[in-house]
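Student: I would like to take a close look at a single part of this protein, and then see what surrounds that part. Could you walk me through it slowly, in connected sentences?

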Amino acid sequence: MMGEIHNLPPWSESTLLLLGHGSTTNKQSRVPTENHAETIRKQGIFADVAVGFWKEEPYFSEVLDSISTEAIYVVPNFISEGYYTKEIIPRELGMTGRVSYVQGKCLYYCDPVGAHHSMTKALLRQVEEVLAGAVTAWSKMDLILVGHGTPRNLKSTEMIKKQVQLLDREQKFASCQDAYMEEPPLISNWDQLTQADDVVVVPFFIADGLHSYEDIPEMMGLEEKIDETSFKLPAAIRGKKLWYARSIGNQHEMISVILDLVREFDPQFPFCSSCPKPTNDLSASDPR
């Protein structure tokens, strides 16, 4: 059987490869991926920790050349499953399944961070940090997770809706709901979507950038900034008190999400609907 043939390599003999989107215009785009990689690197639990990006160097298509270990755990630092995790990354790295042999290396392809159940813990920690010093109890606040959303991609809202359901089960807030920039319910109507006097909003993005710094705050009516990345909180807007967090990808708890994905890696779980289904014998594709 597949699991019997392929024993997973120890972390101490493997490279952890974190993949981010990157940007040619936003210098903040790569920061969460690099910061998490550096923190994990300092723990010394992997032989090496590397990063790769779609829009910046080192590019997806080139990053394997700089990795010396035979085994590589690949973790997409992306919020949701979709075009990048199911098509772009497999294509650029030459992967054909959960376990792929490429350039004499064995790649173990994990789920994107946004799909993991422990994201709920990271979200709660992000809320805890933005609400530090707040006197109102969480149970009297409404929580909104805000994403981009687009009618062109039905998958774009799945992860946020899943997290809202998980947070609802925690029963820590008066209500939990999702809102978006480009599709209903719109974040511009945040005050109409909530009943509580205190509202906390967490951007469900990997990195801070134009959307989280400018677009979403403008849609909500936030104006008074402390610096480039933060606002004076709580903000008194539309008869309510608004608490606005940084993007979830900055949360230190994301490191636990990344490590949990590697720890729970399952070679038999399909990762791409358009890719070949795993066979019972991986040795046929092993060039070694």
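Tutor: Let us begin with one pair of residues: Gly20 has Phe53, in strand 2, as its bridge partner. Please keep in mind throughout that this is a predicted model. Strand 1, which covers residues 14–20, and strand 2 run parallel, and six bridges join them. In general, the strands of a sheet pair through backbone hydrogen bonds, and they do so either parallel or antiparallel.

Helix 2, made of residues 31–43, packs on the sheet and touches both strand 1 and strand 2, while its direction makes about 170° with that of strand 2. Helix 4, residues 83–93, also packs on the sheet, where it touches strand 1, strand 3 (71–76), strand 4 and strand 5 (105–109), and its direction makes about 175° with that of strand 5.

We can now place these strands in their sheet, which is open, has five strands in the order 2-1-3-5-4, and shows mixed pairing. Strand 2 (48–53) and strand 4 (99–102) stand at the edges with a single partner strand each, so one side of each has no neighbour in the sheet. From one strand to the next, the twist averages 25°.

Next comes the nonpolar core. The largest nonpolar core holds 51 residues, and among its members Leu16 and Val75 touch the most others. Helix 9, residues 254–263, gives this core its largest share, namely seven residues. If we leave out residues up to four places away in sequence, Val75 touches Leu16, Leu17, Leu18 and Leu19, as well as Cys110, Asp111, Val113, Ile258, Leu261 and Val262.

Aromatic rings deserve a careful look too, and a search of the whole structure finds nine aromatic pairs. In one of them, the ring centres of Trp54 and Phe60 are 6.1 Å apart and the planes lie at 25°, so this pair counts as stacked, because planes under 30 degrees apart are classed that way. Phe60 is buried, with a relative accessible area of 1%, whereas Trp54 is partly exposed at 23%. Another pair is formed by Phe231 and Tyr244, whose ring centres are 6.0 Å apart and whose planes lie at 70°, so that pair is edge-to-face. This pair links distant parts of the chain, since Phe231 sits in the loop between helix 8 (210–220) and strand 9 (235–237), while Tyr244 belongs to strand 10 (residues 240–244), 13 residues apart. Phe231 is buried at 7% relative accessibility, and Tyr244 is buried as well, with a relative accessible area of 6%. Ring pairs also link Tyr73, Tyr108 and Phe265 into a cluster.

Strand 10 leads us to another open sheet of five strands, with the order 7-6-8-10-9 and mixed pairing. Strand 7 (175–180) and strand 9 stand at its edges, each with a single partner strand, so one side of each is left without a neighbour there. Strand 9 and strand 10 run antiparallel and are joined by three bridges, and Ile237 stands opposite Lys240 in strand 10. Helix 5, residues 119–130, packs on this sheet and touches strand 6 (141–147), strand 8 (198–203) and strand 10, with its direction at about 125° to that of strand 8. Helix 8 packs on the sheet too, touching strand 6, strand 8, strand 9 and strand 10, and its direction makes about 170° with that of strand 10.

How values were computed. Residues numbered from 1 in each chain as written. Predicted model: local features only at pLDDT ≥ 70, side-chain atom pairs only at ≥ 80, totals over all residues. Heavy atoms only, no water. Core = buried A, V, L, I, M, F, W, Y, C linked by side-chain atoms within 4.5 Å. Buried < 20%, exposed > 50% of the residue type's maximum accessible area, 1.4 Å probe, protein only. Helix = DSSP H or I, 4+ residues; strand = E, 2+ residues; numbered from the N terminus. Contact = heavy atoms within 4.5 Å. Phe/Tyr/Trp six-rings, centres within 6.5 Å; stacked < 30°, edge-to-face > 60°. Pairing = 2+ DSSP bridges. Axes fitted to C-alpha atoms, helices over the stretch in contact; angles between N-to-C directions.
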